[in-house]
Amino acid sequence: MMVRNWDKIPGGYVTTIDPAALPEVLRIYNDFCGCGSNGLFGRYSEIFNQIFYVAKFDREVVGYSTYYVKPSLTLGGFRKCAVLYSMAVDKEHRRQGIGRHLLTVSLREMQLNGIYEVALYVSKKNVPALSLYTKLGFAVVGELQDICKEGESCYKMRLGLPTALT
């Protein structure tokens with residue numbers, strides 16, 4: 001598997017998910033997307049638990065970000081690429097830098113573990129997320145329909161990670 005022997009870094013109030021945190025993460029996920037279906041999302045928390053991050057204040061989950069890692073064949077050979085599958089912050093805790101901290105910690109850890117690029121898909125309507133991703137160096141590389149939500153346009157964004165930690 002692509003995340004075996006995953007090196008961790010201290011992240012302050014950001015850590016990887018544990019089974020006890022899943023109900024709160026699912027609540028935030030459902031509040032954010034209105035999906036109601038937790039099957040695949042819950043399964044991701046088991047399979048990709050090394051790269052499923054949660055932010056906690058006073059033992060309360062206030063946000064999460066989860067990725068999956070996939071191989072990518074380049075001219076330089078085989079490389080690992082990560083995709084931000086989902087990220088959300090609890091409504092009561094937004095605009096406090098939690099999303100930025102979740103991304104910063106997880107991106108540094110991706111870099112430490114040899115991920116060369118991170119991709120994500122974000123709704124064109126999600127202005128706060130677009131602003132955050134742009135500030136962190138993500139660039140729009142395409143526009144797609146029906147990826148984020150049926151009938152909705154979204155951007156595909158990418159961030160190349162340097163090979164050495166800065």
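Which side chain meets R27 in a salt bridge? That would be D90, with N and O 2.8 Å apart.

## What you're looking at

This is a predicted model, where local features need pLDDT of at least 70 and side-chain atom pairs count only at pLDDT 80 or more, while totals for chains, interfaces and linings use all residues. Residues are numbered from 1 along each chain as its sequence is written, and side-chain values use heavy atoms, leaving out hydrogens and water.

Helices (H or I, at least four residues) and strands (E, at least two) are DSSP runs, numbered from the N terminus.

## The sheet

Start with the open sheet: seven strands in the order β1-β2-β3-β4-β5-β7-β6, with mixed pairing. Two strands count as paired if DSSP finds at least two bridges between them. β1 (14-16) and β6 sit at the edges with a single partner strand each, so one side of each has no neighbour in the sheet. From one strand to the next, the twist averages 30°. Axes here are lines fitted to C-alpha atoms, for helices over the stretch in contact, and angles run from 0 to 180 degrees between N-to-C directions.

Now for β7 and its partners. Strand β5 (residues 115-123) pairs with β7 (residues 153-160) in the antiparallel sense, over seven bridges. Along that pairing, L120 stands opposite M157, and Y121 has K156 as its bridge partner. β7 also pairs with strand β6 (residues 139-145), again antiparallel, over six bridges. There, E143 is matched with Y155.

## Helices on the sheet

Two helices to look at here are α3 and α4. Helix α3 packs on the sheet and touches β1, β2 (52-57), β3 (60-74), β4, β5 and β7; contact means heavy atoms within 4.5 Å. The direction of α3 makes about 35° with that of β3. Helix α4 packs on the sheet as well, touching β4, β5 and β7, and its direction makes about 160° with that of β5.

## Salt bridges

The whole structure has four salt bridges, each a side-chain nitrogen of Lys or Arg within 4 Å of a carboxyl oxygen of Asp or Glu. Back to the opening pair: R27 and D90 meet at 2.8 Å, N to O. They link distant parts of the chain, with R27 in helix α1 (residues 22-33) and D90 in the loop between β4 (77-89) and α3 (98-112), 63 residues apart. R27 is partly exposed at 29% relative accessible area, whereas D90 is buried at 6%. (Buried means under 20% relative accessible area, exposed over 50%, partly exposed in between, using a 1.4 Å probe and protein chains only.) E24 joins R27 and D90 in a network of salt bridges.

Over in the sheet, R158 and E117 form a salt bridge at 3.4 Å, N to O. R158 is in β7 and E117 in β5, so this pair ties together parts 41 residues apart in sequence. R158 is partly exposed at 32%, while E117 is buried at 15%. K124 bridges to E143, with the closest N and O atoms 2.9 Å apart. Since K124 lies in the loop between β5 and α4 (127-135) and E143 in β6, the pair ties together parts 19 residues apart in sequence. Both K124, at 32%, and E143, at 47%, are partly exposed.

## Cysteines

How many disulfides does the structure hold? Zero, going by a cut-off of 2.5 Å between a pair of cysteine sulfur atoms. As for individual cysteines, C81 is buried at 4% relative accessible area, and C154 is buried at 0%.
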